[in-house]
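Colleague: Before I plan anything around this protein, I would like a close look at one part of the chain, with the terms spelled out as you go. Could you take me through the aromatic contacts and what lies around them?

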Amino acid sequence: MSTHEGPAPSLWASLKEALHGTEQDFTEVPVGRAILLLAVPMVLEMLMESVFAIVDVFFVSRLGAEAIATVGLTESILALLYALGMGLSIGATAMIARRTGEKDPDAAARVAVQTIILGVLVSLPIAVAGVIFAQPLLSLLGGSPWVVEHGFRYTQILLGGNVIILLLFLINAIFRGVGDAAVSMRVLGLANALNILLCPCLVLGLGPFPELGVVGAATATTIGRGAGVCYQFYRLFRGTHRVVIRREHLRFEPATMLAMLRLSGSATFQTLLGTASWTVLVRIVASAGSAAVAGYTIGMRIIVFALLPSWGMSNAAATLVGQNLGARQPERAEQAVWRAGFYNMVFLGLVGLGFILFAEPLIATFTREPPVAAVAVRCLRVVSAGFLFYAYGMVLTQALNGAGDTTTPMLLNLLCFWGIELPLAWLLSRPLGMGPTGAFAAIAAAFSVFALLGVWVFRRGRWKQHRV
């Protein structure tokens with residue numbers, strides 16, 4: 001039976017289907033419903049990804065500004081790892097979505113295996129370097145003597161176990177590419193549930209658990225994510241109706257790996273450019289002291305909490321672009337992107353307004369230290385001013401990635417974040433004397449330029465001719 005036949009299901013029925021998992025063909029179901037079925041679990045997945053950071057900083061904040069600064073500086077390092085995972089995920093999602101649109105599940109499974117192999121190979125040198133150089137890295141980023149002396153084990157645990165982080169990103173990208181977004185959502189649900197249960201116990205020493213302080217947050221997060229990876233492998237080998245890895249798929253395929261590396265190379269550089277700018281920004285902010293870093297950490301954690309769900313909407317657009325181009329329906333792919341961009345603009349616009357109006361009570365739930373709170377409030381209000389623009393920019397550039405055009409977003413990131421954001425942040429913060437507020441203003445300005453250029457590039461339509 002055609003997916004167009006019969007009465008349209010109610011919104012409630014569609015939401016239940018999205019959360020439970022759907023068997024719909026996203027190249028045939030009406031565009032609005034396709035976005036809903038993909039975006040709901042993807043938004044919840046990204047929301048739960050951001051919960052890791054919120055939970056850690058919430059409990060670590062009880063230990064003081066130095067402990068919060070440890071988490072913030074480590075997160076600026078991990079941002080590079082997240083960028084790597086996201087870059088590899090972009091290539092994996094684009095290839096798997098294209099094979100899915102072409103109705104070739106065996107090819108999609110082979111790409112999935114190469115994705116996992118690549119993630120393991122990449123993680124090994126990072127683990128070794130992270131364990132050995134944790135203290136020098138924290139010192140390089142401007143960490144105080146306390147942070148370098150007592151916080152480095154937090155950094156060692158997270159970087160040493162980075163294979164778990166990368167596999168969590170990459171295997172969820174596999175599920176998103178084939179359209180099994182509900183599975184990715186459940187993976188993060190399991191990982192977060194364990195982290196939420198273990199984090200207060202290990203940080204504060206509740207009940208029979210040892211009081212590990214900031215190290216306990218890293219331990220809880222690693223255990224939670226590790227359980228999520230185990231569930232991912234279970235689902236991949238048990239199989240869903242869209243993808244299953246069988247014994248014949250378990251081999252190294254140089255041609256497939258090279259194709260993925262070509263696609264993921266510029267995608268990885270693209271995300272590294274964007275997130276490395278956050279690392280430089282935290283160094284600019286660190287010149288104002290640990291209180292400024294702590295305030296920046298809290299404010300940006302809350303902002304990431306808002307932006308990561310928007311990445312869920314953007315990922316839905318990328319999947320729809322890849323699958324519809326595979327099915328040779330480029331106009332339908334374009335329609336899905338503009339629709340998703342509008343939905344994202346409405347969502348982020350409302351969130352940004354809420355942040356501006358309620359910044360002070362929101363920040364008060366994370367810290368009672370006035371110098372830290374003052375910086376965090378300014379961060380939240382100033383950066384939120386760019387949300388409306390960035391909402392469209394996120395969807396449009398991720399749609400280009402879904403089409404396999406990873407070079408154009410890379411150039412946009414290079415121009416906006418390194419050509420505009422960082423020089424402007426330094427100029428406003430240092431010579432013009434605005435301090436951390438100057439860095440926050442530079443972020444909002446870069447967001448806006450990024451979105452405007454994204455609209456111009458997308459409307460040119462060259463992405464429709466990319467082969468993956």
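Modeller: What follows begins with one aromatic pair, moves to the loop before one of its helices, and ends with a glutamine elsewhere in the chain.

This is a predicted model, in which local features need pLDDT of at least 70 and side-chain atom pairs count only at pLDDT 80 or more, while totals for chains, interfaces and linings use all residues. Residues are numbered from 1 along each chain as its sequence is written, and side-chain values use heavy atoms, with hydrogens and water left out.

The structure holds 14 aromatic pairs, a pair being two rings of Phe, Tyr or Trp (its six-membered ring) with centres within 6.5 Å, called stacked if the planes are under 30 degrees apart, edge-to-face if over 60, and tilted for the rest. In one of these pairs, Trp 338 and Tyr 392 meet in the tilted arrangement, with 6.4 Å centre to centre and 55° between the planes. Trp 338 belongs to helix H13 (residues 330-357) and Tyr 392 to helix H16 (residues 387-402), so the pair ties together parts that are 54 residues apart in sequence; helices here are DSSP runs of H or I with at least four residues, numbered from the N terminus. The pairing extends further, since ring pairs link Trp 338, Tyr 392, Phe 458 and Trp 463 into a cluster. Trp 338 itself is partly exposed, with a relative accessible area of 24%, where buried means under 20%, exposed over 50%, and partly exposed in between (1.4 Å probe, protein chains only).

On the chain leading to H13, Arg 328 is found in the loop between helix H12 (290-326) and H13. Arg 328 has a positive phi of about 60° although it is not a glycine, and with a relative accessible area of 78% Arg 328 counts as exposed.

A residue of another helix has a contrasting setting: Gln 270 lies in helix H11 (residues 254-286) and is buried, at a relative accessible area of 5%. Leaving aside residues up to four places away in sequence, Gln 270 touches Ile 90, Asn 401, Thr 406, Pro 409, Met 410 and Asn 413, contact meaning heavy atoms within 4.5 Å. Gln 270 and Leu 414 are also 7.6 Å apart in space, C-alpha to C-alpha, although 144 residues separate them in sequence.

Definitions and conventions
Helices (H or I, at least four residues) and strands (E, at least two) are DSSP runs, numbered from the N terminus.
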